[in-house]
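Trainee: I should be grateful for a close look at one part of this model, followed along the chain and outward to the elements around it. Please explain each term as it arises.

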Amino acid sequence: MFFISIDTSIQYHNNILSTIGNTPLVKINFESRAAIYAKLEYLNPGGSIKDRSALAMIEDAERQGLLRPKGTIIEASSGNQGIALAMIGAVKKYRVIITVSKKASEEKKNAIHSYGAKLVVCPVVERYDDPRGCWAVAKRLAREIPHAFMPDQHFNLANPDAHYRSTGPEIWRQTRGKITHFFAAAGTAGTISGTGKYLKKKNPNVKIFGVDAANSYFSTKGNQKPYQIEGMGIDHDTPILIYYR
Ligand SMILES: Cc1ncc(COP(=O)(O)O)c(C=O)c1O
């Protein structure tokens with residue numbers, strides 16, 4: 001649906017990026033004595049919570065001069081971070097290259113492609129730093145391609161900071177500070193670290209739960225095995241969990 005209007009006082013966003021965040025809460029009617037709510041992160045314009053961290057990392061890089069006009073964004077992603085960066089690149093006119101592992105779904109790969117980003121599909125590897133895997137390939141491309149910037153979501157503290165500044169305050173406001181427990185899937189652990197840090201600052205009694213993949217590096221204490229789930233699973237030691245402390 002599109003509009004034409006002669007009313008200049010009409011309310012609108014200047015571009016899609018300012019519609020990121022402020023997602024609604026929905027009550028989940030599980031049989032439980034607790035009142036459980038879901039925050040509908042899929043209503044972000046790129047379709048996931050990753051829009052928040054992607055925009056924060058790109059804006060941080062722009063501020064620091066690490067990413068300049070017409071530069072190239074290169075990132076390894078299980079899909080949603082790639083979709084978010086591809087969308088941001090399309091709006092801000094950056095070239096975007098996303099390396100994904102073979103386990104990323106066709107839908108996610110198609111979405112990345114449809115924003116005009118280039119996809120590099122890499123094999124599923126056990127260790128994140130295996131040179132054939134998507135993280136190491138993205139690192140190599142970022143070294144080789146001039147004017148490239150790799151957000152490196154697993155190591156970039158602008159990632160948890162996005163949640164400290166947006167997801168945490170939104171949840172606190174939406175629950176009027178009455179939240180007792182917070183649960184979120186952990187991939188980079190940006191969501192649980194940033195949101196958790198904010199909620200703990202407001203009320204140290206709030207309990208924070210990160211949901212990891214059973215076969216991840218973190219869950220198995222370094223004896224990880226390949227697993228199929230996308231996006232979830234802490235695959236190496238990460239400074240992002242330290243941000244939480
Ligand atoms: C839909 C979705 N939820 C949660 C996560 C994990 O979030 P985080 O990387 O902040 O731990 C991901 C990661 O890709 C994701 O795609």
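Mentor: What follows is an account of the stretch from helix α5 to strand β8, with the elements that meet it. The model is predicted, so local features are given only at pLDDT of at least 70 and side-chain atom pairs only at pLDDT 80 or more, whereas totals for chains, interfaces and linings use all residues. Residues are numbered from 1 along each chain as its sequence is written.

Begin with helix α5, residues 158–174, which packs against helix α1, residues 50–64. Helices (H or I, at least four residues) and strands (E, at least two) are DSSP runs numbered from the N terminus. The two helices make an angle of about 115°, and their axes lie 8 Å apart; axes are lines fitted to C-alpha atoms over the stretch in contact, with angles from 0 to 180 degrees between N-to-C directions. The crossing of α1 and α5 is right-handed, that is, the near helix is turned clockwise from the far one by less than a right angle. On the α1 side the residues are Arg-52, Ser-53, Ala-56, Met-57 and Asp-60. They meet Ala-158, Asn-159, Asp-161, Ala-162, His-163, Ser-166 and Thr-167 of α5, contact being C-beta atoms, placed from the backbone, within 7 Å. By class, this contact has 4 nonpolar, 5 polar and 3 charged residues (Ala, Val, Leu, Ile, Met, Phe, Trp, Tyr, Cys and Pro are nonpolar; Asp, Glu, Lys and Arg charged; the others, Gly among them, polar).

The loop between α5 and β7 holds Arg-176. Its phi is near 50°, a positive value in a residue other than glycine. Most residues other than glycine have a negative phi. Arg-176 counts as exposed because 7 other C-beta atoms lie within 10 Å; the cut-offs are 12 or fewer for exposed, 20 or more for buried, and partly exposed in between.

Strand β7, residues 181–185, comes next, with alternating side chains. Phe-182 and Ala-184 point to one face and are buried; His-181, Phe-183 and Ala-185 point to the other and are not.

In the loop that leads from β7 to α6 lies Ala-189. Ala-189 also has a positive phi, near 75°. Unlike an exposed residue, Ala-189 is buried because 25 other C-beta atoms lie within 10 Å.

Strand β7 pairs with strand β8, residues 207–211, in the parallel sense over 5 bridges; pairing requires at least two DSSP bridges. His-181 stands opposite Lys-207 in β8. With helix α6, residues 190–202, the two strands make a right-handed β-α-β unit: seen with the strands pointing away, the path from the first strand over the helix to the second runs clockwise.

Finally, consider Ile-240, which belongs to helix α7, residues 239–244. Ile-240 is buried because 24 other C-beta atoms lie within 10 Å. Setting aside neighbours within four places in sequence, Ile-240 is in contact with His-154, Asn-159, Pro-160, Thr-188, Ala-189, Gly-190 and Ser-193. Among these, Asn-159 also takes part in the contact of α5 with α1, and Ala-189 is the loop residue with positive phi described above. By contrast, the C-alpha atoms of Ile-240 and Gly-222, 18 residues apart along the chain, are separated by 17 Å.

Technical notes. Contact = placed C-beta atoms within 7 Å.
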